[in-house]
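Hi,

Here is the structure I promised to pass on to you. Have a look at it first, and then read on for what I found in it.

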Amino acid sequence: MALNYIWIAFFVIAFVVSLIKLVFFGDTEAFKLLVEGLFNSSKSSVMDIALPLIGSMAFWLGILNIGEKAGAINFLSRIVRPFFSRLFPDVPKDHPATGQMMMNFSANLMGLDNAATPLGLKAMGSLQELNPDKETASNAQIMFLVLHTSGLQLLPVTIIAQRAILNSKDPAEVFLPCIIATYVATVVGLIAVAIKQKINLFDRVIIGWLGGVTAFITLVVWYFTTQLTKEQISTVSSVISNVMLFTIPVIFIVGGLIKKVNVFEVFVEGAKGGFETSVKIIPYLVAMLVGISVFRSCGALDYMNEGLRWVCVQFNLDTRFVDAMPVAYLKPLSGSGSKGMMITVMQNFGVDKFAGRLAGIFNGSADTTFYIVALYFGSVGIKKSRYAIPAGLIADLAGVIAAIFIAYLFFGHQP
């Protein structure tokens, strides 16, 4: 499994780099930083992520169970069936996984991270029921995971909010670049997996749906950029996200009431799985976040960045984008790490400077591939991820490249 070698590399690289810093540069704090990062990340993965996730998992799994009993998931499955039957040919028609995946994608689209994770874990569990080899990722699971890690999002609320907190003159100016970058990542990820799985991308249904999604995103972008003031974009994005977040449970509950479902009991029945799932993923969270922590603490990311800067100088390229690259390095590894680095870049270089803007676009261009692979596959006991990580990283790379080009297109004339 690719994740096995990557995890080993984190520790080996951290050890070698720290040893060189100690022996050749007399840095007596090198290994102390590694050990502190190890213990802090071990604690954080349980106390700050896994345990708080229990409540969110319990609530959304309970709501999802109501939706299934009320027929809402079935209804959603029928709508997306023509498209999903092409992308997920191994998933039977009307299977709950189809509606659950759609719920996950919808939550991501609206920037509802706290709802997307429980819904995604539920969808992965349903796909695992169809998986003939319980330790090896199926084609459907890989397609779902890569589409999820590409992070398609219409409302980058948290990025806009953070820019506002740092007193940006125009917090919402990265709205359009973020949408374009994440859309590029999603389409590239879909194409990469489709080619590997021999899915006919020229099928008229696939072309029709992709064309429809593209048209919808174009319409949203047009509306936000032409019909709203720059101050309104942030407010409207936040309002839509919160309305959606509360509307979904209400629709499911009302649907259950109409279908004469015992809503409360059905909710409790579904919510019981929240604790079990959250506990099950703790070892995978600890392993991944500790590995990322030691790799980051040893200074390897800084050395990578300086190497990239040197290459750019040799080819007489503009190096302003290099200042924001640590966000791109961390994004596939850790969502919280990339967000923290984004804030650091904005503070150090200026939230309204080129690097500060690009840091925000990077953070909105894709999702955390390694973290999601460990979390989602770990929750169902998959040990062999096959080509999920390479495909996810291809999507991430496409998002990063798109983000750089878009940043220069929109803000390249500014410092």
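Let me start with a pair of helices: helix 17 and helix 18 (residues 388–411) pack with their axes 10 Å apart and at an angle of about 145°. Their crossing is right-handed. On the helix 17 side the contact is made by T369, F370, V373 and F377, and on the helix 18 side by A388, I389, G392, L393 and D396. Sorted by class, that contact of helix 17 with helix 18 has six nonpolar residues, two polar and one charged. Please keep in mind throughout that this is a predicted model.

Helix 17 deserves a second look. How many of the residues of helix 17 are buried? Eleven of the eleven, across residues 369–379, so helix 17 is largely enclosed by the rest of the structure. The buried residues include the four that meet helix 18, T369, F370, V373 and F377, and among the others are Y371, I372, L375 and Y376. Just after helix 17 comes G381, with a positive phi of about 80°.

Helix 18 also takes part in a cavity. The count comes to one cavity of 30 Å³ or more, and the space in the largest cavity is about 30 Å³. Its lining consists of A328, K331, P332, F362, S365, A366, D396 and V400. Helix 16 (354–365) and helix 18 are the elements that give two or more residues to this lining. By class, the lining of the largest cavity has five nonpolar residues, one polar and two charged. If you want a residue to start from, try D396: it is in the contact of helix 18 with helix 17, and D396 also lines the largest cavity.

The other helix pair to look at is helix 2 (residues 30–70) with helix 11 (residues 263–280), whose axes come within 6 Å and cross at roughly 140°. This crossing, too, is right-handed. Among the residues of helix 2 in the contact are A50, L53, I54, M57, L61 and I66, and helix 11 contributes residues including V263, V266, F267, G270, G273, G274 and T277. In terms of class, the contact of helix 2 with helix 11 has 14 nonpolar residues, seven polar and two charged.

While you are at helix 2, look at W60, which is found in that helix. Is W60 buried or exposed? W60 counts as buried, because its relative accessibility is 6%, and the limit for buried is under 20%. W60 and I233 are 173 residues apart in sequence, and their C-alpha atoms are 28 Å apart in space. Ahead of helix 2, in the loop between helix 1 (2–25) and helix 2, you will find E29. E29 is partly exposed, with a relative accessible area of 39%. The C-alpha atom of E29 is separated by 9.0 Å from that of S18, eleven residues away along the chain.

Next, the second largest pocket. It holds about 550 Å³ of space. Its lining has 23 residues, and M102, F105, L109, L152 and V213 lie nearest the centre. Which helices each supply at least two residues of that lining? They are helix 3 (72–87), helix 4 (96–109), helix 6 (139–149), helix 8 (175–196) and helix 9 (204–226). The lining of the second largest pocket divides into 18 nonpolar residues, five polar and no charged.

Finally, a few backbone details. Most residues other than glycine have a negative phi. K198, in the loop between helix 8 and helix 9, has a positive phi near 60° and is not a glycine. K198 counts as exposed, at 76% relative accessibility. N316 is also not a glycine, and its phi is positive at about 55°. N316 sits in the loop between helix 13 (300–314) and helix 14 (325–330), and is exposed with a relative accessible area of 71%. A positive phi, near 65°, is also found at N167, which follows helix 7. In helix 7 (residues 157–165) the buried residues are V157, I159, I160, Q162 and R163.

Happy browsing, and best wishes!

Note on methods: Residues numbered from 1 in each chain as written. Predicted model: local features only at pLDDT ≥ 70, side-chain atom pairs only at ≥ 80, totals over all residues. Heavy atoms only, no water. Buried < 20%, exposed > 50% of the residue type's maximum accessible area, 1.4 Å probe, protein only. Axes fitted to C-alpha atoms, helices over the stretch in contact; angles between N-to-C directions. Left-handed = near helix turned anticlockwise from the far one by under 90°. Contact = heavy atoms within 4.5 Å. Nonpolar A, V, L, I, M, F, W, Y, C, P; charged D, E, K, R; others polar. 1 Å grid on protein atoms, 1.4 Å probe; cavity = no way out; pocket = protein on both sides within 12 Å on 5 of 7 lines; lining within 4 Å. Points joined across faces, edges and corners; volume = space filled by probe spheres on them.
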